[in-house]
Amino acid sequence: MRWFWVDRFIGFKPGKSATAVKNVSLAEEHVHDHFPGYPVHPQSLMIEGMAQTGGVLVGQAFNFEEKVILAKIGRATFHRLVRPGDQIVYHAEVVDEIRPEGASIRGTITCDGQLVADIELMFVHLDKSMSGEDFGDDNFVFSADFVELLRMRELAQQFAAADGDK
Amino acid sequence: MALSPDEIFEKVREAMVGALGVDEDEVTAEATLTGDLGAESIDFLDIVFRLEKEFGIKIPRGDLFPDNLFTDEQYVQNGKLTEAGLSELRKRMPHADLTEFQNDPDVQNVNNLFTVGMICKYIESKVSGAAN
């Protein structure tokens, strides 16, 4: 099992915003436990999906070289349930700008045009925000495998195309 | 356009409410960030981000919260700030009220320096500096 809670990026403006989709399926095991007889996609995993959407947005700004860590969930308000068969859309926008120390994002999750959640997250660049602590050369957030996966899924081309549009 | 102290306080209050999830009336000038408003270490960076956006200024790291000074062996002995440390602190935090702290400059008491009023004074100096 891979810890990916978005299926595809459908929009990407470097340093500004990212949009991704996730299809919730009854074939996913977790919905059978949450809850037996009444499968619902957990809100915690939607926060994770938003963190992945925002994390890639923030990570791309420094070419995936920084260790981008979810540091704070400023707010997460949910308005409706998400169930198997639903497709949810994550939209993350950078608040202000991406700084050397990290960035905040404001995000919405929608389903069929309805608001599912609004979420504020803060990310830090691990090596830049802690006082002098060294977390090593190995980027355990954006591993070589992960960056390769992005390339395989043609995200890299999307970034390049979006870059050209700037 | 120059902001009045009241306008600065209102914007700082907004940043505190956003960053710390506290009620507006909890944010008074005397309130300490960690003791009264429950700020944790990561909140300090969040507050800096919000203030930068709110006031359209740049806050160099360590400028508003010079936390690295309190772990610097050059300035700290037996858990207390030395005379050199205090004089460095006065230089680095001209916006803070050090009257009480200098009587017992224990690093444990440092968090009491970080008040909403201290942030307001810092912003006032930054905003007027930018106008000049």
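The following conversation goes through a predicted model of chain A and chain B, asking what stands behind the terms used for it.

Visitor: How many residues does each chain give to the contact, and how is the area between chain A and chain B stated?

Guide: Chain A contributes 14 residues and chain B eleven residues. The size of an interface is often given as the accessible area lost when the parts come together. For chain A and chain B this buried area is about 1,000 Å², with carbon and sulfur atoms giving 56% of it.

Visitor: What makes the pair A:Glu97 and B:Lys58 a salt bridge?

Guide: The rule asks for a side-chain nitrogen of Lys or Arg within 4 Å of a carboxyl oxygen of Asp or Glu. Between the side chains of A:Glu97 and B:Lys58 the N to O distance is 2.4 Å, and the pair therefore meets the cut-off of 4 Å. Across the interface of chain A and chain B the rule finds six salt bridges, and between these chains there are also eight residue pairs in polar contact, counted with both residues at pLDDT 80 or more.

Visitor: Which elements make up the side of chain A that touches chain B?

Guide: Strand S3 (68-78), strand S4 (87-99), strand S5 (102-111) and strand S6 (114-125) of chain A each give two or more residues to that side, and the largest share, four residues, comes from S4(A). Sorted by class, the side of chain A that touches chain B has five nonpolar, three polar and six charged residues.

Visitor: Why is the salt bridge of A:Arg99 and B:Glu52 said to join two chains?

Guide: A:Arg99 lies in strand S4 of chain A, whereas B:Glu52 lies in helix H2 of chain B, so the pair joins two chains. The closest N and O atoms of A:Arg99 and B:Glu52 are 2.6 Å apart, and both residues are buried.

Visitor: Which residues are joined into one network by salt bridges that share partners?

Guide: The network consists of A:Lys72, A:Arg75, A:Arg106, A:Asp118, A:Glu120, B:Asp43, B:Asp46 and B:Arg50. Over all chains, the structure holds 19 salt bridges.

Visitor: How do you know that A:Asp118 and A:Arg75 form a salt bridge, and where in chain A do they lie?

Guide: Their side chains meet at 3.8 Å, N to O, which is within 4 Å and therefore satisfies the rule. The pair links distant parts of the chain, with A:Asp118 in strand S6 and A:Arg75 in strand S3 of chain A, 43 residues apart. A:Arg75 has a relative accessible area of 33%, and because partly exposed covers the values between 20% and 50%, that is the term applied.

Visitor: What makes B:Asp43 a buried residue, and what does its side chain meet in chain A?

Guide: The relative accessible area of B:Asp43 is 8%, and buried means under 20%, so the term follows. B:Asp43 is found in helix H2 (residues 41-55) of chain B, and its side chain makes a polar contact with the side chain of A:Lys72 at 2.6 Å. Not counting residues up to four places away in sequence, B:Asp43 touches A:Lys72, B:Ala19, B:Leu20 and B:Gly38.

Visitor: Why are A:Lys22 and A:Glu28 both called buried?

Guide: A:Lys22 has a relative accessible area of 2% and A:Glu28 one of 18%; each value is under 20%, so each residue is called buried. The two form a salt bridge, the closest N and O atoms being 2.5 Å apart.

Visitor: How do you know that chain B agrees with a compact globule?

Guide: With 132 residues, a compact globule would have a radius of gyration near 14 Å, and chain B has 15 Å, which agrees. The C-alpha atoms of chain B fill a box of roughly 45 × 35 × 25 Å along the principal axes, and 44% of the 132 residues count as buried. Chain B has four helices and two strands, which run α-α-β-β-α-α from the N terminus on.

Visitor: What is B:Val116 in contact with, and is it buried or exposed?

Guide: B:Val116, in helix H4 (residues 116-131) of chain B, has a relative accessible area of 0% and is therefore buried. Leaving aside neighbours within four places in sequence, its contacts include B:Phe9, B:Met16, B:Val27 and B:Leu37.

Key
Residues numbered from 1 in each chain as written. Chains lettered and ligands numbered in written order. Predicted model: local features only at pLDDT ≥ 70, side-chain atom pairs only at ≥ 80, totals over all residues. Heavy atoms only, no water. Contact = heavy atoms within 4.5 Å. Buried area = accessible area lost by both parts, 1.4 Å probe. Polar contact = N/O pair within 3.5 Å; in protein donor to acceptor, adjacent residues only side chain to side chain. Nonpolar A, V, L, I, M, F, W, Y, C, P; charged D, E, K, R; others polar. Rg over C-alpha atoms; globule rule 2.2 N^0.38 Å. Buried < 20%, exposed > 50% of the residue type's maximum accessible area, 1.4 Å probe, protein only.
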